[in-house]
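Hi,

Here is the structure I said I would pass on. Have a look at it first, and then read my notes below.

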Amino acid sequence: EQELTKFVLPERLRCMQSSRSGCYMIGGGESGRIYVWELGTGGLLRSADAHFKPVTAVSFAMDDSAFVTCSDDASAHVWLSAG
């Protein structure tokens, strides 16, 4: 097996998911921050303070136009995808 991409993680992540197109990876951190990487380069494209408690789940929409984040703070947020 060959490594395709290497990511530098800014913190311990609770969840990760790749987009259905295979272009992006999203991760949710223990701090409540979310991170979006480009899979081709491993470069961090975006990060945001999304929640007040750890992010517990992330999921892309079927067409990758948006993604959802859920947290221990009992909230869910819908985000528009870049591009």
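A good place to start is the hairpin made by β3 and β4, which has five residues between the two strands. Keep in mind that this is a predicted model. In the turn, G42 has a positive phi of about 80 degrees. The strands themselves, β3 at residues 33–38 and β4 at residues 44–49, run antiparallel and are joined by five bridges. If you want one bridge to look up, try W37, whose partner in β4 is L44.

Next, the inside. Which residues make up the largest nonpolar core? There are eleven of them: C15, I26, I34, V36, A48, A50, V55, V58, F60, F67 and W79. Two elements, β3 and β5 (55–60), each give two or more residues to this core. The top contributor is β5, with three residues.

Apart from that core lies another one, of five residues, including M25, Y35, W37 and L39. As general background, side chains in a regular strand alternate between the two faces of the sheet.

I34, from the eleven-residue core, is worth clicking on. Leaving out residues up to four places away in sequence, I34 touches G27, G28, R46, S47, A48, A50, V55, F67, T69 and W79.

Two of those contacts, F67 and W79, bring us to the rings. The model has three aromatic pairs. F67 and W79 form a stacked one, with 6.3 Å centre to centre and 15 degrees between the planes. F67 sits in strand β6 (residues 66–71) and W79 in strand β7 (residues 76–80), so this pair ties together parts that are twelve residues apart in sequence. Both F67 and W79 are buried. Add F60, and ring pairs link F60, F67 and W79 into a cluster.

Last, the cysteines. How many disulfides are there? The count is zero. For C15, the nearest cysteine sulfur belongs to C70 and is 8.6 Å away, while a disulfide would need the two sulfurs within 2.5 Å. And is C15 buried or exposed? C15 counts as buried, because its relative accessibility is 12% and the cut-off for buried is under 20%. C23, by contrast, has 39% relative accessibility and therefore counts as partly exposed.

That's what I have for now. Happy browsing!

Key. Residues numbered from 1 in each chain as written. Predicted model: local features only at pLDDT ≥ 70, side-chain atom pairs only at ≥ 80, totals over all residues. Heavy atoms only, no water. Pairing = 2+ DSSP bridges. Helix = DSSP H or I, 4+ residues; strand = E, 2+ residues; numbered from the N terminus. Core = buried A, V, L, I, M, F, W, Y, C linked by side-chain atoms within 4.5 Å. Buried < 20%, exposed > 50% of the residue type's maximum accessible area, 1.4 Å probe, protein only. Contact = heavy atoms within 4.5 Å. Phe/Tyr/Trp six-rings, centres within 6.5 Å; stacked < 30°, edge-to-face > 60°.
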